[in-house]
Amino acid sequence: MEIRAAVGDITQIEADAIVVNLFEGAEHAGGATAAVDEALDGAISSLIDRRAIKGRFGEVAIVHTVAKPGQVGARIVAIAGLGKPEDCSADRIRGVAGEFCRALRKLNCRNMATILHGAGSGGIDLQASAQAITEGALLGLYTFGKYKKPEYEDIEEMLIVVSEESSLPVLEPAIGKGKITAEATNLARDMINEPANYMTPSQMAEAAQEIAAKYGLEFKAFDREDMETMGMEALLGVASGSSQPAKLITLSYTGDAHSQRTLGFLGKGVTFDSGGISIKSSEGMGEMKGDMAGAAAVMAALAAIAQLRPQVNVTAVIPATENLPSGTALKPGDVLKAMNGKTIEIISTDAEGRLILADALSYAQKLGLSPLIDLATLTGACRIALGTLYAGLFSNNQDLTDKVLEAAQRAGERMWQMPMPEEYKEQIKSEIADVKNTGERAGGAITAALFLSEFVDTTPWVHIDIAGPANSSKESGYTVKGGTGVGVRTLVELALDEARSEEAV
Ligand code: BES
Ligand code: MN
Ligand code: ZN
């Protein structure tokens, strides 16, 4: 879909549809909505008076018009509910845009025009609104159409209409940024939704190579022999049950060649998690094709960063493997020696994410990357703790935590800081090795994070457990069913912030 800013009078735009809005509790239409209402001889006021529309967040009311020249140029007028003015935020506007775009696609609209939502009494600035509308539209309209023809045809064009010529110079870059971050999020969604037979570790490496070629990043992929040489027994242990070779992938963006500092983004890349010998029950196991959502998010974030070109260096480190049972598979009771020399007793082969991340974290530190941010669909326990709206955030550094939480807030991605009490480390003490790979069921997301911390020295590090929000079972706002691409926009915001800020963690 093409998205552009344009100057004009929304009532006069010739398009299949125009979009105006209404706040919850408003007794009268205001601004551009009032102008459209007037052109429609009070059709919107009458809906408000009859309480047929309430302006509730996510509500999309449709008025079919007979396009009358000189009155309204569009055959459909959509009135988007913005909710209560005091709750208005860029993230809500993103959700509203997702809702009205899907509603208009269902009505077979090819082109549409919208006003800027929330920019008046909603208190959102013009750029933020334009970026949110762009993102909401592109994210909300996303479909995974590779193996099935989509139900509806695409909307081809969206105009964001403003009345002042002087607004255009600030809107264009905002739309541009929105496009880059939304398209990157959709790239992550594509990788997550891809069935595991088409997203093997090798295919994941190819996808990374394509991103590198397209956006000018440096790409590397290490094979088993390289990993053996580096002593990555934990990663290779997980891979040993699969006939698909594991890969350790890196993507690097250099935006500040004079700086020694390079941020490290790590992503769990388990392209299918059957549990291994500690096999999962078959119900819902197919969802585990998305156990590489962390990897997809960091790869897509690098694609966006390469286009936005902030003055910062970033390297993504992605351990990619399948987790399958076989005669050569890792077994409970086995002991593995990770790259940093620590020995790990395997209790459950289904706690595989932390094993591959252990080696990836060691490798990232060997490269001197700092700070480190890892994203992983690590534990069902985190989803139980926080549900599907929030990712759990664990860290050894509060300044970095605050930065990541602020970036997430700007991106509209919800994250919640979780504790890492020393006492729970008891749970992962092993009789025969330095550490074991699982603790008790209660607090499982925390012991997983504590396990990871065994492989981080003093480098500032944040671990984000995205097992809850990585997948969505329903369509709502700018989220659609399937992979959500959570984390991409937070990582992009973080990189932009690092480039801006003087004070580094
Ligand atoms: N990939 C799973 C975690 C997961 C579960 C992600 C549900 C998304 C949705 C992970 O590898 C796993 O299997 N974790 C185990 C850990 C346990 C064996 C300690 C879990 O959460 O049950
Ligand atoms: Mn598992
Ligand atoms: Zn897993």
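Glutamate 352 is a good place to start: this residue is buried, with a relative accessible area of 0%. The structure here is a predicted model, and glutamate 352 leads straight to its metal ions.

**The two-metal site**

Aspartate 273 is buried, just as glutamate 352 is. Aspartate 273 also bridges the manganese ion (ligand 2) and the zinc ion (ligand 3), which lie 3.2 Å apart. The two sites are set side by side below.

| Ion | Protein donors | Distances | Angles among 6 donor atoms | Arrangement |
|---|---|---|---|---|
| zinc ion (ligand 3) | Lys268 (NZ), Asp273 (OD), Asp291 (OD), Glu352 (OE) | 2.0 to 2.4 Å | 79 to 174° | octahedral |
| manganese ion (ligand 2) | Asp273 (OD), Asp350 (O), Asp350 (OD), Glu352 (OE) | 2.1 to 2.2 Å | 70 to 168° | irregular |

If you like to search by pattern, the donors of the zinc ion (ligand 3) follow the spacing K-x4-D-x17-D-x60-E along the chain. How far apart in sequence are the parts tied together by aspartate 291 and glutamate 352? Aspartate 291 sits in the loop between strand S10 (269-273) and helix H9 (293-308), while glutamate 352 sits in the loop between strand S13 (343-345) and helix H10 (353-366), so this pair links parts that are 61 residues apart in sequence. Aspartate 291 is buried too, at a relative accessible area of 3%.

For the manganese ion (ligand 2), the spacing of the donors reads D-x76-D-x1-E. Here aspartate 273 belongs to strand S10 and glutamate 352 to the loop between S13 and H10, so the pair ties together parts that are 79 residues apart in sequence.

**Helix H9**

Helix H9 comes after the loop that holds aspartate 291. H9 has 16 residues and spans 22 Å from its first C-alpha to its last, close to the 22 Å expected at 1.5 Å a residue. Is H9 mostly covered or mostly open? Mostly covered: 14 of its 16 residues are buried. Arginine 309 follows H9 and has a positive phi, near 50°.

**The sheet of 3 strands**

Strand S13, next to the loop of glutamate 352, takes part in an open sheet of 3 strands with mixed pairing, in the order S12-S13-S17. Strand S12 (335-337) and strand S17 (435-436) are at the edges with a single partner strand each, so one side of each has no neighbour in the sheet. S13 and S17 are paired in the parallel sense over 2 bridges, and glutamate 345 stands opposite lysine 436 in S17.

**The sheet of 6 strands**

Another open sheet has 6 strands in the order S1-S6-S5-S2-S4-S3, also with mixed pairing. Which strands stand at its edges? They are strand S1 (2-7) and strand S3 (60-64), each with a single partner strand, so one side of each is left without a neighbour in the sheet. From one strand to the next, the twist averages 25°.

S1 runs parallel to strand S6 (residues 157-162), and 6 bridges join the two. Within this pairing, arginine 4 has leucine 159 in S6 as its bridge partner.

Two helices lie across this sheet. Helix H3 (residues 90-106) crosses strand S2 (17-23), S3, strand S4 (76-83), strand S5 (111-115) and S6, and runs at about 150° to S4. Helix H5 (residues 168-193) lies across S1 and S6, at about 170° to S1.

Notes. Residues numbered from 1 in each chain as written. Chains lettered and ligands numbered in written order. Predicted model: local features only at pLDDT ≥ 70, side-chain atom pairs only at ≥ 80, totals over all residues. Heavy atoms only, no water. Pairing = 2+ DSSP bridges. Helix = DSSP H or I, 4+ residues; strand = E, 2+ residues; numbered from the N terminus. Axes fitted to C-alpha atoms, helices over the stretch in contact; angles between N-to-C directions. Contact = heavy atoms within 4.5 Å. Donors = N, O, S within 2.8 Å, 3.2 Å for Na, K, Ca; no water. Tetrahedral: all angles 85-135°; square planar, octahedral: opposite > 155°, others 65-115°. Buried < 20%, exposed > 50% of the residue type's maximum accessible area, 1.4 Å probe, protein only. Expected span 1.5 Å × (residues − 1).
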